[in-house]
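Subject: A structure for you to look at

Hello,

I am passing on a structure that you have not worked with before, together with some notes on what turned up in it. Please have the sequence and the model open while you read.

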Amino acid sequence: MKNWELIAPCHFGLEAVMKREITDLGYEISRVEDGKVTFLADERGVADANIFLRSTERILLKVGEVKAVTFDELFEKTRALPWEDYIPINGKFWVAKANSVKSKLFSPSDIQSIMKKAIVERLKGVYGISWFPEDGPEYPIRVAFMKDVATIGIDTSGVSLHKRGYRQMTVKAPITETLASALLMLTPWKGDRVLVDPFCGSGTFPIEAAMMAADMAPGLNRTFLAEKWENLIPSACWEGAREEARERVSLQVETDIQGFDIDPEALKAARANARMAGVDRLIHFQQRPVSQLRHPKPYGFLIANPPYGERLEERKNLPELYRQLGESYRGLDKWSMYLITSYDQAEKAIGRKADRNRKIYNGMLKTYFYQYLGPKPPRRNKGEI
């Protein structure tokens with residue numbers, strides 16, 4: 001049984017969510033850093049992480065960590081790593097991505113080229129050949145420099161994990177599935193509580209919420225690069241993880257998840273995506289402006305990715321839009337509201353300062369997750385349904 005370190009990258013500011021997800025899967029955390037969580041796992045852990053984790057973009061199998069301030073040093077230290085433990089003689093390997101922060105080596109293309117040459121030299125010596133066919137499984141390598149220390153890993157996922165396979169139709173400025181999931185997990189929402197997204201767009205928040213309520217693993221219906229790594233991960237690991245994921249799905253769960261939008265084309269996309277995800281029965285979509293947001297039940301949740309006004313012509317409409325949102329929220333009985341936006345006048349337009357505010361980087365865009373906390377519902381008495 002292998003004993004590996006796996007790296008789960010995540011959005012800056014959401015490391016605690018990622019850590020909790022990994023712990024809940026039963027794996028031990030070894031390190032938490034800005035934008036990534038490293039944990040210990042075996043072969044089955046690679047399958048579990050790819051299939052079950054909701055808030056990471058990919059899972060990297062860590063090969064090593066080296067300090068290098070010159071390209072000669074990077075070459076020698078990369079060559080010293082045990083690449084033959086991971087890449088077979090016919091493996092296709094390349095340095096797919098390199099980034100550098102506060103480091104002397106900062107050119108991605110040069111880092112990629114030097115490291116590829118070093119890996120080739122190492123494997124030539126181990127396998128006793130001078131030319132590699134590279135006609136086997138793919139082993140894309142990723143390296144991240146931080147303060148002259150390079151963390152090197154092999155990508156087990158392939159296509160980014162935010163691509164669950166259900167979002168065939170999109171609208172402008174969609175939120176990624178991984179970020180939507182992480183934000184939902186930052187709230188106290190549970191599947192039996194009311195959840196409304198008044199700006200649902202192509203349906204990402206409602207669909208991710210419905211998948212959580214039904215305990216549907218995000219990676220259940222897609223494939224991963226490492227499934228072809230027969231030299232490292234037995235197919236039984238993938239089969240076992242998928243079987244567990246299928247057994248956990250409960251589409252009979254009772255939910256009250258709703259998605260509203262003013263745009264009929266967005267709602268068309270949302271309904272199609274919900275059907276593709278297999279959770280359309282759990283969500284009610286409706287064309288409705290935010291000014292007409294109503295719900296009879298108390299203790300519900302609003303969660304939204306409202307317009308940011310990134311384009312100048314849209315920005316003039318933001319104060320009124322956020323004012324309407326604040327007014328509708330005040331009309332809801334004992335509700336909580338959670339918004340992610342880069343609009344810096346959001347609280348002023350809503351008419352109330354948020355109870356909590358968390359800075360989150362959505363790609364390169366600095367956003368804020370405003371949290372308006374409603375009261376907790378009364379505890380049910382024992383035996384009460």
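Let me begin with helix α5, where E177, T178, L179, A180, S181, A182, L183, L184, M185 and L186 are buried (buried means under 20% relative accessible area, exposed over 50%, and partly exposed in between, with a 1.4 Å probe and protein chains only). Because 10 of the 10 residues of α5 are buried, the helix is largely enclosed by the rest of the structure. Helices here are DSSP runs of H or I with at least four residues, strands are runs of E with at least two, and both are numbered from the N terminus.

Two notes on how to read the values. This is a predicted model, in which local features need pLDDT of at least 70 and side-chain atom pairs count only at pLDDT 80 or more, while totals for chains, interfaces and linings use all residues. Residues are numbered from 1 along each chain as its sequence is written, and side-chain values use heavy atoms, with hydrogens and water left out.

**The chain as a whole**

The protein chain has 11 helices and 14 strands. Its radius of gyration is 23 Å, which agrees with the value near 21 Å for a compact globule of 385 residues (taken over C-alpha atoms, with the globule rule being 2.2 Å times the number of residues to the power 0.38). Along the principal axes, the C-alpha atoms fill a box of roughly 75 × 45 × 40 Å. Buried residues account for 51% of the 385 in the chain. The chain exposes about 18,400 Å², and carbon and sulfur atoms supply 51% of that area (accessible areas come from the Shrake-Rupley method with a 1.4 Å probe, and for residues only the protein chains shown count as cover). Among contacts between residues at least 6 apart in sequence, 76% join residues at least 24 apart; a contact means heavy atoms within 4.5 Å.

**Helix α6 and the loop after it**

Helix α6 covers residues 204–213, and 10 of its 10 residues are buried. Those buried residues pack against α5 (177–186), β8 (195–197), β9 (257–261), α8 (264–277), β10 (283–287) and β11 (301–304). Just after α6 comes D215, with a positive phi of about 55 degrees. D215 lies in the loop between α6 and α7 (235–248) and, at 28% relative accessibility, counts as partly exposed.

Most residues other than glycine have a negative phi. Another residue to look at in this respect is K147, which is not a glycine but has a positive phi of about 50 degrees. K147 is in the loop between β6 and β7, and it counts as exposed at 53% relative accessibility.

**The largest pocket**

The largest pocket has a volume of about 1,100 Å³. On a 1 Å grid over the protein atoms alone, a pocket is an open set of points where a 1.4 Å probe fits, with protein on both sides within 12 Å along at least five of seven lines, and lining residues have an atom within 4 Å of a point. Grid points are joined across faces, edges and corners, and the volume is the space filled by probe spheres set on the points.

Of the 28 lining residues, P9, F12, G35, N99 and A144 are the closest to the centre. Which strand gives the most to the lining? That is β6, with five residues. At least two residues each come from β1 (4–9), β2 (28–33), β4 (60–67), β5 (92–101), β6 (138–146) and β7 (149–155). By class, the lining has 13 nonpolar, six polar and nine charged residues (Ala, Val, Leu, Ile, Met, Phe, Trp, Tyr, Cys and Pro count as nonpolar, Asp, Glu, Lys and Arg as charged, and the others, Gly among them, as polar).

**Three residues to click on**

H11 sits in the loop between β1 and α1 and is buried, with a relative accessible area of 12%. Leaving aside neighbours within four places in sequence, H11 is in contact with E57, T176, T178, L179, I360, Y361, N362 and G363.

D48 is in helix α2 (residues 43–52) and is buried, at 7% relative accessible area. Not counting residues up to four places away in sequence, D48 touches L25, Y27, L53 and A241.

L25 belongs to helix α1 (residues 15–25) and is partly exposed, with a relative accessible area of 23%. The C-alpha atoms of L25 and L53 are separated by 8.4 Å, with the two positions 28 residues apart along the chain counted as their spacing.

Best wishes
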